[in-house]
Structure formats: C-alpha cells, structure tokens
Protein chains: 2
Amino acid sequence: MAKKTKTEIDGSTEERIKEAARIVFTQKGYAATRTRDIAEKAGINLALLNYYFRSKEKLFNQVMLEKIQQLFGMLLPVLSDETTKLEKKIEMVVANYIDMLLANPDLPLFVLSELRGQKEELQKVLPIEKIIQNISFIKQLQEKRPDIQPIHFLMNILGMTVFPFIAMPAFDAVGIIKKNDFEKLIQERKALIPIWVKAMIKAK
Amino acid sequence: MAKKTKTEIDGSTEERIKEAARIVFTQKGYAATRTRDIAEKAGINLALLNYYFRSKEKLFNQVMLEKIQQLFGMLLPVLSDETTKLEKKIEMVVANYIDMLLANPDLPLFVLSELRGQKEELQKVLPIEKIIQNISFIKQLQEKRPDIQPIHFLMNILGMTVFPFIAMPAFDAVGIIKKNDFEKLIQERKALIPIWVKAMIKAK
DNA sequence: GTCTATAACCTGATAGAC
DNA sequence: GTCTATCAGGTTATAGAC
C-alpha cells in the first residue's frame, strides 16, 4: 500500500487552506491575520495561498460569507415554519442556536465585529424583505402582544442566547466564570431561556 | 486680541492625540488602526504621536483601560449598594447603562473584541473577588430565586441591554432597523427590560 | 501544483533640523 | 514641541524554477 499524501489525508489543498483560514480569521480578525499564519497552519507555502485564492481579501470574503450564513441562516427555517406554534419555536431556536454556538464559540464575536462598516456583504446573502414580514414568528408575536414591537422579543432571545458567547472572553478574564463551568451554564440556559421568554411575553 | 492657537481651542496636544486615538481605535480596532490615521485626525504629525506616547501599543493600552472602566465600572456602585432594593437596582442599571451606551454605541463591541486573548488587562482594573461575592445584588437574587444561579440573571440583563448595540451594525446592514429608529427602540427598552426581568425572576 | 526568491508596498518608529 | 525625512522591519503578492 502506497504511503498516503497529505492531500489524501486532509482533503484537497484548497480546502485545507480554507479551513486554516476559517480558524485564523475567526480567532484574530481580518486585520490581525497574516497570510503566513494561514499558510503555515495549512501546511503549505505562502505562494500557494495566492495561487488558489488570488488575495487575502478574496479568501477572507469567502470565509466571511460562510460564517454569516452559519450565524444567521439557521434562524429563518425555524422562525418561518407556519405549522409550529410560538412556544415550540422559541424552544427550537434557542436549543439549535446554543448547540451551534457551543460548536463555534467565537463565531458571533467574529462576524459582528468584522461587520462594522461593511454594509454590502449581508444584503447579498440574506433575503431581507422576506425576513421581516411574512415570517410567521413575527405574526405570532404580534397576535399575543400587539402593544410591543416583535423585534424586541427577537432581540431578547438573541441577546440572552448569544451574549454569553460574546462576553465569555471578558467574563473569563475577570474570573467570573471558569472556562470549564461555561458549558454547564450554557446548558442550563437552554432550558431556562424559553421559560423566561414565555414569562416576558405575558408580562404587563 | 491675539489669534488663538489650535491647542488653545481644542485642548492640549496630548489630549487631542488621545481623543483621536479613542475614536479611531474604537471604530477600527487595534490591528486595523494606523498611527498615521490617528495623527491626521489629531491634526498633528506622526512623529509627535510617538513623542508623547512612545508607541502605538502604549497609546492603545491607555485608551483600552479607560474604555474597560467605562464599560464595566458603572456596574459595581449600583449593584453593590446595600440600601437599594432589587427592583430599583434593575431599573437603575438598565437606565444608566442604556444612557451610557447611547453616548458610546461602539464601546461594547470594541472592548469585547479587543479582549480576546488579553487576560491580564482586566484583572488589574477590576477588584474581582469583591464583585462576585459581597455584592448585594447577588444576595438579593439568591434570596428570591435560590434555585437559579444569580449569574444567569446578570447575563440576561446585560444581554438584553448590550446586545442591541453589538448587533446594530449587522441589523442595520440587513435592513431590519433603520439607524434612525434605533434610538427610539432603545428608549422603549429602557422601560421594558426592567418589566421583563422582574417577570423572569418570578417565572417558574 | 508547489516551491524559493524577491519585488513592491506599507507601517511603526527615530534622527535631526528648527 | 513640532516638523521633515528616512530607516528598519514586516506583509502581501508575484516571478520563475521545478
């Protein structure tokens, strides 16, 4: 049996570079990332990175579009399902989101910070008008609480779910949460947030 | 009357540089900021920046320490006051925080993203042990809900309050919120969040 | 496709005149 | 204190050999 090449083990060179780019970009951000770091992590030479992706910026844009979809793309299918009732939707969104974030803890901070000043990017990826209206989630909220803009509840759900991941580096640095306890805390929140949100919706 | 110099109008040169640094660093982050941009914004020469602050990093650290205190420093006095009862504390924290954030909308995203991987910084500034225990806010929460870790409620308050500011660039880019409507929305939340939090604390 | 060597550029920092 | 000019180092991107 012939000895396997790196490519056979880890996938195509192009994909290896992209995977390295995902890791380095999300950890350090665009400006602080050096293409040399990506090349080294991918186990290839710097010239090869440019051979495949032409430039740092083009490589970044590919990664960024993926990450944006990863962060926002999951919301729509759940929120717009007509057959699921409001309470169930809240549970599903929170549970799905938390699972995804536990697998990608630095995703939100990366996307949201790299998004400052780059307005064009998002609008290409997401069908905006459809999100705001026609999402049954919004209608369901309006039926229950016509006196409060549905966007408030969406922000509350996202805030309570996503914020711990954004603040984790700070909370960890300050010693409020040891990194080991974090996942336990987040798992507790998976059950608690839906309870809280339902109470919020009823609150007068 | 003699013509006024720039310094007389805008404050000392050192302070003008620092103010320019605050703006540029918070908008673009450390890595993406060029000292030339700061110098230009301050209306001085690049050499002068180094004359006053020795290096980009030293200037950044000064700004960063300020911003950390601005973001976290306000919490303790309110949360640890023994004479204020829980409900009132919640109202005060939310109202004070929102006012501060409206005046510094990109503060949270800046601090939280620059904090990745820099653990030392925070611990110097904040007396951590005192925060976690001995804060009457924590005790008050434990009395009402001994079955839930107080940190959950702290995260909920901060999440609901801070998250809109972190996500605003994204929400704006995607067209969910026009920038003009943002402040109105935030002002609504100033009254709503305390109501929601109180409902959350009662929820079973 | 992959490498080495290098070009072209940019950025932080300093030297030295005023 | 403030400026101009420049250095030293690092970074992206490409040329050219294999």
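The following dialogue takes up the contacts of chain A with chain B and of the protein with DNA strands C and D in a predicted model.

Tutor: Residues are numbered from 1 along each chain as its sequence is written, and chains are lettered from A and ligands numbered from 1 in the order in which they are written. In this predicted model local features need pLDDT of at least 70, side-chain atom pairs count only at pLDDT 80 or more, and totals for chains, interfaces and linings use all residues, while side-chain values use heavy atoms, with hydrogens and water left out.

Student: How do you know that chain A is in contact with chain B, and how many residues are involved?

Tutor: Contact means heavy atoms within 4.5 Å, and by that rule 52 residues of chain A meet 53 residues of chain B. The size of an interface is often given as the accessible area lost when the parts come together. Buried area is the accessible area (1.4 Å probe) that two parts lose on being put together, summed over both, and for chain A and chain B the value is about 4900 Å², with 74% of it given by carbon and sulfur atoms. Arg116(A), Met155(A) and Phe163(A) contribute 15% of what chain A buries against chain B, more than any other three residues.

Student: Which elements of chain A make up the side that touches chain B?

Tutor: Helices (H or I, at least four residues) are DSSP runs, numbered from the N terminus, and those giving two or more residues to this side include helix H2 (13-32), helix H12 (150-174) and helix H13 (179-202) of chain A. H12(A) gives the most, with 19 residues. The residues on this side divide into 36 nonpolar, nine polar and seven charged, where Ala, Val, Leu, Ile, Met, Phe, Trp, Tyr, Cys and Pro count as nonpolar, Asp, Glu, Lys and Arg as charged, and the others, Gly among them, as polar.

Student: How many salt bridges does the rule find across the interface of chain A and chain B?

Tutor: A salt bridge is a side-chain nitrogen of Lys or Arg within 4 Å of a carboxyl oxygen of Asp or Glu, and the rule finds zero across this interface. A polar contact is a pair of N or O atoms within 3.5 Å; within protein, one must be able to donate a hydrogen and the other to accept it, and residues adjacent in sequence count only if both atoms are side-chain atoms. Across the interface of chain A and chain B, 10 residue pairs are in polar contact, both residues at pLDDT 80 or more.

Student: Why is the relation of chain A to chain B called that of a two-fold axis?

Tutor: Two copies of a chain are related by a rotation about an axis and a shift along it. Copies are superposed by least squares on the C-alpha atoms of residues with pLDDT of at least 70 in both, and here chain A is laid on chain B with an RMSD of 0.1 Å by a turn of 180 degrees and a shift of 0.0 Å along the axis. The relation is therefore that of a two-fold axis. The same surface serves both copies, since 100% of the contact residues of chain A recur in chain B. Of the residues of chain A, Gly159(A) comes closest to the rotation axis, at 2.3 Å (C-alpha).

Student: What makes a residue count as near DNA strand D, and which residues come nearest?

Tutor: A residue is near a strand if one of its heavy atoms lies within 4 Å of it, and of the 17 residues around DNA strand D, Arg34(A), Arg36(A), Lys56(A), Asn45(B) and Tyr52(B) come nearest. Sugar and phosphate account for 57% of the atoms of DNA strand D that come within 4 Å of the protein. H4(B) supplies the largest share of the surface near DNA strand D, four residues.

Student: How do you know that Tyr52(B) is in polar contact with a phosphate oxygen of DNA strand D?

Tutor: A polar side-chain atom of Tyr52(B) lies 2.7 Å from a phosphate oxygen of DNA strand D, a value that falls within 3.5 Å. The side chain of Thr13(B) places an N or O atom 3.0 Å from a phosphate oxygen of DNA strand D, and Asn45(B) uses a backbone N or O atom at 3.1 Å. At the start of H4(B), a side-chain oxygen of Asn45(B) also reaches to within 2.8 Å of the backbone nitrogen of Ala47(B).

Student: Which residues are closest to DNA strand C?

Tutor: Among the 17 residues that surround DNA strand C, the closest are Asn45(A), Tyr52(A), Arg34(B), Arg36(B) and Lys56(B). Polar side-chain atoms of Thr13(A) and Asn45(A) each lie 3.1 Å from a phosphate oxygen of DNA strand C.
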